Amino acid sequence: MNEYYVVGVDYGTDSVRSVLVSTKDGRELASSVFHYPRWKKGLYNNPSVNQFRQHPLDYLDGLQETIKSCLAAVVPEIAAQVVAISVDTTGSTPVAVNKAGTPLSLTADFAENPNAMFILWKDHTATREAKEINDHAATFDTDYLKYVGGVYSSEWFWSKILRTYRVDAAVREATYTWVEHCDWIPFVLTGGNDADAIKRSVCAAGHKGLWSEAFNGYPPSDFFESLDSLLTGQVERLGKDTYASNTAVGNLSQEWAANLGLSTNVVVGVGAFDCHMGAVGGQIEPYYLSKVMGTSTCDILVAPKPLDITVKGICGQVDGSVIPGMIGLEAGQSAFGDAYAWFKNILTWPLKNLFADDAQLLQDAEDKLLIKLSAQAAQVKPDITHPFSIDWLNGRRTPYANQNLKGAFFDVNISTDAVLLYRAVVESTCFGAKKIVECFVDQGIPVKGIIGLGGVARKSTFIMQMMADVLQMPIKIHSSEQTCALGAAMFAAVVAGVHPSVEDAMVAMGQGFDMIYEPNPETVKIYADRYAKYNKTAAHLEQNLYHV
């Protein structure tokens, strides 16, 4: 078999990373990371109202920088053998575009307008619109929310569109259609200049946009127009066709081939969301829950067809959204790594604001605080009297999305220290993970095991051991540190025709697993008791304090 090479591009919340990979054995020849400069400065964001926007120039600059960096790290002969590029992105992260498919924020009139930029997955400004969509859907005989878990979220496509149209007439009038980030990048790479020609991924459309084969596409125009007349004509401009990620969008355009130093023979694949491609990179198996652990978690499970169960409370079940020919089911937590980062920021605030002149002290705190806290927390034996926390610091994604919820701490007293509070934060994220497993199992979807992916899974033995204890299940950790980018590379190998299927690409290019966490029988019982306490308190909060 000839050895060819592919590029997998993974757009995360804070940065984009590209990997140059061999299609023969998945060997990583080069990798590069680009941190979004505008995002790092906090431009266009307003956390106090949950507004999080990203400028398309961050995405384009990062795309060019990381791929060129990867190619510069290898000999020209290898670059000449690159046959395909595929990308994954966060989602739902849509942007308003004009008829040419250009984001409005790349035009002079909207260059600094946050409403004309990509609306990041974690933007929760559209909670009102999400509730209206849920209430509106209940008035129809056809259940248009059936395949997205029965609850529409403010993190998703239509909520964000409607909210933007209501608050910004200028953007509304200039918009031709809306495009997910994972669909826009392949469109750009192939020289797209007509929004009607965008190939939309079944992953994004099915999980976040209400598209389903059962509806012959999206819900009809009447569904959206009767919700709000501002949506008139929007669904028609999305088209009816969607594509799995084993499909080619086209070839690299002359402009981008020149930008990157590649050939126009390079094929560009249909994009998808990061967790879906990450599950493939992490060698997912049927009925194993693949947890991509980053700022949030995305939990992916694949089931062979036919699947006669419609799972409620999750983020959708879509044919071909992960592995073509299987049903992809998605769940997740709105805050995971973000919860730990929040706690670190709380503790480091005095240093940043009161000792700002000590650069080394600040750097040590940033780099080592959570590592040292984890080491201390791992020495503490859990006890029913310890403080506990509710993990809704960024709302709740699964089960049953509700972005109005907020986090909380309980059983805090004068003896509570930072270590116990940190344990409570970590434990709450593990309890949130257990709720997801139960959501599947209680509705007849078996969970045979857990696959841990991402930085937290590989770096924090404390968190992963606690999760195994809470879930009462073993967790196997994938060897790759870049499973999302690796998954994108696997799809690239398929669209280039090097491997006939995604399953074949996983076998040939998979890097395997290098560690496993087994539940500790000495702590399983106490975590079960604390989980019961968590459940009782969380139910009380949702019913009495945050009921909307």
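Author: A disulfide is a pair of cysteine sulfur atoms within 2.5 Å. The model discussed here is predicted, and the structure holds zero disulfides.

Reader: Why is Cys70 not called part of a disulfide?

Author: The closest cysteine sulfur to that of Cys70 belongs to Cys484, at 16 Å. A disulfide requires sulfur atoms within 2.5 Å, so the sulfur of Cys70 is too far away for a bond.

Reader: What makes Cys315 unable to form a bond with Cys298?

Author: Cys298 holds the cysteine sulfur closest to that of Cys315, but the separation is 7.5 Å, and therefore too far for a bond.

Reader: Why is Cys70 called buried rather than exposed?

Author: Buried means under 20% relative accessible area. Cys70 has a value of 1%, so Cys70 is buried. Cys315, also with a relative accessible area of 1%, is therefore buried.

Reader: How do you know whether Leu354 is buried or exposed?

Author: The term exposed applies over 50% relative accessible area. Leu354 reaches 56% and is therefore exposed. Leu354 lies in helix H12, residues 337-354. Together with Trp349, Phe355 and Leu361, Leu354 makes a nonpolar surface patch of about 420 Å².

Reader: Which residues have the most contacts inside the largest nonpolar core?

Author: They are Phe440, Ile463, Met464 and Met467, in a core of 55 residues. Helix H14, residues 418-441, gives the most to this core, with 11 residues.

Reader: What does Ile463 touch, leaving aside residues up to four places away in sequence?

Author: Ile463 touches Phe336, Tyr340, Tyr422, Val426, Cys430 and Val456. Apart from the largest core lies another, of 44 residues, including Tyr59, Val82, Trp184 and Val266.

How values were computed. Residues numbered from 1 in each chain as written. Predicted model: local features only at pLDDT ≥ 70, side-chain atom pairs only at ≥ 80, totals over all residues. Heavy atoms only, no water. Core = buried A, V, L, I, M, F, W, Y, C linked by side-chain atoms within 4.5 Å. Buried < 20%, exposed > 50% of the residue type's maximum accessible area, 1.4 Å probe, protein only. Helix = DSSP H or I, 4+ residues; strand = E, 2+ residues; numbered from the N terminus. Contact = heavy atoms within 4.5 Å. Patch = residues over 30% accessible without salt bridge, like charges linked within 9 Å, V, L, I, M, F, W, Y side chains within 5 Å. Areas by Shrake-Rupley, 256 points an atom, 1.4 Å probe, with all protein chains shown as cover. Salt bridge = Lys/Arg side-chain N within 4 Å of Asp/Glu carboxyl O.
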